[in-house]
Amino acid sequence: MKAVVIGLIAGILFAFFCPVHIPPAYTKYVALGILAALDSLVKGVLEYFKGRFKLKIFVSGFLVNSLLASGLTFMGNKLGVDISLAAIITFGTRLFQNFAIFRRYLLNKSKKRDIIE
């Protein structure tokens, strides 16, 4: 878990101090890739706290979800269909569901701690 936290902090610092200019034509693809990556990140943190975290599953899900979301958006743009809305709804819904599960997990853990003390 330490490596994940260090990697996350390093990525945030890199993004802060080495800003990358993304051409306007690619912002939709990058935004969906980031949304998919956030979904995988939140799910990975949830699995870690439940004691079921597997690095290979996390990394593969992170990369595949990001590439799939961006790829589907690209393909939809080429076909003239806004598939990105489906990806936004899907990954947005999953993100909020994972946050809700994580919140309930922490509240239940806190509740058990209060009972013990």
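This briefing walks through the nonpolar core, a surface patch, one buried threonine and the salt bridges of the structure above. Please keep in mind that the model is predicted. Its largest nonpolar core has 8 residues, and a nonpolar patch lies on the surface. The structure also holds 4 salt bridges.

**The nonpolar core**

- The largest nonpolar core is made up of Leu32, Leu35, Ala36, Val42, Ala69, Ala87, Phe91 and Leu95.
- Two helices, H2 (27–49) and H4 (84–116), each supply at least two residues of this core.
- H2 gives the most to the core, with 4 residues.
- Ala69 is a good residue to look up here: setting aside residues up to four places away in sequence, Ala69 touches Leu32, Ala36 and Phe91.

**The nonpolar patch on the surface**

- Seen from outside, Phe14, Val20, Ile22, Tyr26, Val30, Ile34 and Leu38 form a nonpolar patch, and together they have about 650 Å² of accessible area.
- H2 appears again here, as the largest share of the patch, 3 residues, comes from this helix.
- Leu38, one of the patch residues, sits in helix H2 and counts as partly exposed, at 38% relative accessibility.

**A buried threonine**

- Thr73 belongs to helix H3, which covers residues 55–79.
- With a relative accessible area of 2%, Thr73 is buried.
- Apart from neighbours within four places in sequence, Thr73 is in contact with Lys28, Tyr29, Leu32 and Ser84.

**Salt bridges**

- Side chains of opposite charge can pair when their charged atoms come close.
- One such pair is Lys28 and Asp82, whose side chains meet in a salt bridge at 3.3 Å, N to O.
- Lys28 lies in helix H2 and Asp82 in the loop between H3 and H4, so this pair ties together parts that are 54 residues apart in sequence.
- Both partners are partly exposed: Lys28 has a relative accessible area of 37%, and Asp82 has 38%.
- Lys43 forms a salt bridge with Glu47, where the closest N and O atoms are 3.5 Å apart.
- Lys43 and Glu47 are separated by about one helical turn, because they are 4 residues apart in helix H2.
- Glu47 also meets Arg52 in a salt bridge, at 3.0 Å, N to O.
- Lys43, Glu47 and Arg52 are thus linked in a network of salt bridges.
- Within this network, Glu47 is buried, with a relative accessible area of 15%, while Lys43 is partly exposed at 33% and Arg52 is partly exposed at 48%.

Key:
Residues numbered from 1 in each chain as written. Predicted model: local features only at pLDDT ≥ 70, side-chain atom pairs only at ≥ 80, totals over all residues. Heavy atoms only, no water. Core = buried A, V, L, I, M, F, W, Y, C linked by side-chain atoms within 4.5 Å. Buried < 20%, exposed > 50% of the residue type's maximum accessible area, 1.4 Å probe, protein only. Contact = heavy atoms within 4.5 Å. Patch = residues over 30% accessible without salt bridge, like charges linked within 9 Å, V, L, I, M, F, W, Y side chains within 5 Å. Areas by Shrake-Rupley, 256 points an atom, 1.4 Å probe, with all protein chains shown as cover.
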